[in-house]
Amino acid sequence: MSAQVSALAIDPNEEERRAAFDAAVARHGLALSDGERDSVYKLADWLSEGVGRLDGRAGFVDAATALDLSFVEQGRMLRDGRLTSVALVQAHLNRIEQRDSAYLSFYVVTGERALADAARADAELAAGQDRGPLHGIPVGIKDLIDVAGLPSTADAPGRADAIASADAAVVERLRAGGAVLIGKLATYEWGTVGPDKSGLFPPARNPWSLDHITGGSSSGSAVAIAGGLLRTTLGTDTGGSLRGPAFYCGVVGLKPTFNSVPTAGVLAMSSSMDHVGPISATVAEVAITLDVIADHSAAASRLGQSVVGLRIGYARDWFANDPQTMPDVLDAMDAAMSTLSQLGAVIEEVDLPDYFAIEVAAAAILHKESFDHHAEQLRQNPKAYGRRTFLSLAAGVAVTDDELAAAKRAGATFRTEIDKLLSRCDALATIGALTTALPAAPFEKEAVWTPMRTIGFNVSGHPVLALPIGFHQGLPIGMQLIGKHHDEARIVQIGDAFERATDHSVQRPPQIT
C-alpha cells in the first residue's frame with residue numbers, strides 16, 4: 001500500500017479527493033481523530049484508485065499503448081503505479097504472437113518464465129526495492145549468449161540440444177538489474193555468413209521489407225526492435241554483427257570498447273575481436289542498457305547535453321568515391337554532418353587509413369582465430385555445421401601464424417592512427433554500409449558480400465555507435481560515430497543530439513497485415 005500512497009502524494013487532484021472524503025465522513029457522522037482520519041483516508045483513497053483501474057480511470061495505462069514508448073517512460077509508469085511489469089510483459093508477448101510469424105526474430109519465447117519474473121519485479125518495486133532503469137523491462141537475448149536452461153544453438157545443426165547450464169555474465173547483470181528476459185533471438189549460424197536457410201531456423205526478416213536482408217549476425221536482435229516487439233536487446237559484434245543489422249533495420253546499436261563488457265558465457269568466434277553490446281530503439285535506451293551490462297560504464301551520463309564546440313572528424317573519403325556507394329547514402333551522410341554542424345559541432349574532414357588494408361587484416365585475424373576455435377569439431381563432426389558456415393570457417397586453415405602476426409601488426413597500426421585522429425577530435429563519423437539492405441533472394445543461392453565499413457573497429461577496439469540517418473526507397477541508412485576508448489558517453493552525447501534534432505528514430509516500418 002505504501003507504494004500506492006507515495007504515488008498519490010504528488011497527485012494534483014489530492015485536495016479534491018480529500019475534500020470529498022471529509023464530506024463523506026461528515027455525512028455519515030463518523031467520529032475520527034486527526035490521526036485516524038488520515039489513516040482511513042489513505043486506505044479509502046488507495047481503494048478508490050484501485051477500483052478506478054478496473055474501468056480505466058485514475059490514470060492507469062493500457063499496457064498495449066505503452067509498447068512504443070521508451071523503456072525510460074515505461075519505467076516511470078512502473079514506479080508511479082500506472083503500469084505493472086506483468087501487464088507490460090503480457091502486452092509484449094501478445095505483440096510477438098501477432099507479428100513474429102512474419103519477422104521470425106525469436107527462436108524461443110519464454111512467456112511463462114517471463115511473467116513469473118515480471119510478477120517478482122512488481123513485488124520488489126512495491127516493496128521499495130528498485131534495481132535500476134531496466135527493472136521490470138522485457139529484454140531479448142541473441143542466441144549466441146547463454147541463458148540458463150535454454151539452448152544456445154548458434155543456428156547450427158549440431159547444437160539443437162546445447163542447453164546452457166548457467167547464464168552468461170551479461171545475462172547475470174541484466175537479471176541483477178531487474179530486467180525480464182523474454183526469449184532468445186535469431187542469429188546467422190555461428191555469427192558467420194547468411195542469411196542461410198540450411199540452419200536450424202529460417203532467417204529473420206527485415207520489417208522494412210520482408211524481401212530484403214536484415215544484416216548479421218545479430219539479425220533477430222535488430223528485427224525485434226525495428227518490428228516493435230521489444231525496446232532493447234543484446235547482440236554480439238565480431239566484424240560488424242551488431243552494427244550491420246542496426247544500419248539495415250533502422251535501429252540503434254552500440255559496440256562498446258573491447259573488453260569493457262564481459263564475454264564469459266558467449267559462444268566465441270575471434271577472441272581478439274568479439275564484443276557484446278545492446279541494440280535498442282533509441283540512443284538513450286542503448287546507452288542505459290550498456291551501463292547495466294558493462295564494467296564501469298557511464299555511457300548515459302551525457303544524454304541531453306549540447307554538442308556545441310565538439311570537434312567531429314568526418315571520414316568522407318572512406319566511402320564517397322567507392323563505386324558501390326549509393327548516391328542517397330552519400331547524401332544522407334552529408335546531411336547528417338550538416339545537421340550536427342547546425343547543432344554547433346565543428347565538422348572537419350579527416351583521412352582514415354586505407355579501408356581495404358584493414359579489412360584484409362581483420363578478416364585474416366577473424367578467420368584464423370575462428371578456425372582454431374572450431375578446427376577439431378570441423379574435422380570430427382562436419383555435419384554439425386551448415387555447409388556454408390563450414391566453408392567460411394574452413395577458410396582459416398590457410399592463414400599461417402606469420403600471416404596472423406602480420407595482420408595483427410597492421411591492426412595495431414590502424415589503432416594508433418585512429419587514436420591520433422581522436423587526440424584532436426572528440427569523435428569520428430563515417431558511413432555504416434555503402435548500400436541499404438540488399439535483396440534476400442541472391443543469398444539463398446550463395447554467400448554474398450555486403451559492403452560495410454565496420455570490421456576495422458573490431459580490431460582497434462574503439463567504441464562505435466550505429467544509428468539511423470535516413471532512407472532510400474523505404475530502406476534505412478545508418479552512420480557510425482567512433483569514440484576514444486572507454487568514452488562511450490561522448491558518442492552517445494553526439495548521437496542523442498542528432499536523434500533529437502531529426503525524426504529518423506521515430507519512423508516505423510509498414511504494419512503487418
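## A covered helix

Which residues are buried in H9? In this predicted model, the list is Ser219, Gly220, Ser221, Ala222, Val223, Ala224, Ile225 and Ala226. H9 spans residues 219–226, so with a residue counting as buried when its relative accessible area is under 20%, the helix comes out as mostly covered, eight of its eight residues being buried.

What covers the buried residues of H9? The cover includes two helices, H6 (85–103) and H10 (243–249), along with the strands E2 (138–142), E3 (180–185), E4 (232–237) and E6 (275–280). Just after H9 you'll find glycine 228, which takes a positive phi of about 75°.

## The whole chain

Let's step back for a moment. The protein chain has 17 helices and 11 strands. Its C-alpha atoms fill a box of roughly 95 × 55 × 40 Å, taken along the principal axes. For 513 residues, a compact globule would have a radius of gyration near 24 Å, and the 25 Å of this protein chain agrees with that.

Of the 513 residues in the chain, 56% are buried. Take the contacts between residues at least 6 apart in sequence: 76% of them join residues at least 24 apart. As for the outside, the accessible surface comes to about 20800 Å², and carbon and sulfur atoms account for 53% of that. On the charge side, there are 44 positive and 62 negative side chains, yet the centres of the two sets lie just 1 Å apart.

## Strand E4 and its partners

E4 is one of the strands covering H9. Is E4 itself enclosed or open? Six of its six residues are buried, so E4 is largely enclosed by the rest of the structure. In a regular strand, side chains alternate between the two faces of the sheet. Here, Thr232, Leu234 and Thr236 point one way, while Thr233, Gly235 and Asp237 point the other way, and all are buried.

Which way do the strands paired with E4 run? E2 and E4 run parallel and are joined by two bridges; glycine 140, for example, has threonine 233 in E4 as its bridge partner. E4 and E6, on the other hand, pair in the antiparallel sense over six bridges. In that pairing, aspartate 237 stands opposite histidine 275 in E6.

## The loop between E3 and H9

Threonine 214 sits in the loop between E3 and H9. Its relative accessibility is 2%, so it counts as buried. Leaving aside neighbours within four places in sequence, threonine 214 touches a crowd of residues: Tyr188, Ala204, Arg205, Asn206, Ser219, Val223, Gly244, Pro245, Tyr248 and Cys249. Ser219 and Val223 may ring a bell, as they are among the buried residues of H9.

This loop also has some cis peptide bonds to look at. Proline 195 is found in the loop, and a cis bond with omega of about -5° joins it to glycine 194. Serine 217 lies there too, and the peptide bond leading to it from glycine 216 is cis, with omega near 10°.

## Two residues and their contacts

Phenylalanine 71 lies in helix H5 (residues 71–80). With a relative accessible area of 0%, it is buried. Beyond neighbours within four places in sequence, phenylalanine 71 is in contact with Pro133, Leu134, Ile137, Arg231, Thr232, Glu285, Ile288 and Thr289. Phenylalanine 71 and isoleucine 288 are 217 residues apart in sequence, but their C-alpha atoms are 9.8 Å apart in space.

Now try isoleucine 347, in strand E8 (residues 346–349). This residue is partly exposed, at 27% relative accessible area. Its contacts, again leaving aside neighbours within four places in sequence, are Ile312, Tyr314, Met337, Leu340 and Ser341. Between isoleucine 347 and leucine 310 there are 37 places in sequence and 8.5 Å in space, C-alpha to C-alpha.

## Two positive phi angles

Aspartate 155 has a positive phi of about 55°, although it is not a glycine. You'll find aspartate 155 in the loop between E2 and helix H8 (169–176), and it is buried, with a relative accessible area of 5%.

Glutamine 473 isn't a glycine either, and its phi is positive at about 50°. Its place is in the loop between strand E10 (464–472) and strand E11 (475–482). Is glutamine 473 buried or exposed? Glutamine 473 is exposed, with a relative accessible area of 73%.

Notes: Residues numbered from 1 in each chain as written. Predicted model: local features only at pLDDT ≥ 70, side-chain atom pairs only at ≥ 80, totals over all residues. Heavy atoms only, no water. Helix = DSSP H or I, 4+ residues; strand = E, 2+ residues; numbered from the N terminus. Rg over C-alpha atoms; globule rule 2.2 N^0.38 Å. Buried < 20%, exposed > 50% of the residue type's maximum accessible area, 1.4 Å probe, protein only. Contact = heavy atoms within 4.5 Å. Areas by Shrake-Rupley, 256 points an atom, 1.4 Å probe, with all protein chains shown as cover. Lys, Arg positive; Asp, Glu negative; His and termini not counted. Charge placed at Lys NZ, Arg CZ, Asp CG, Glu CD. Pairing = 2+ DSSP bridges.
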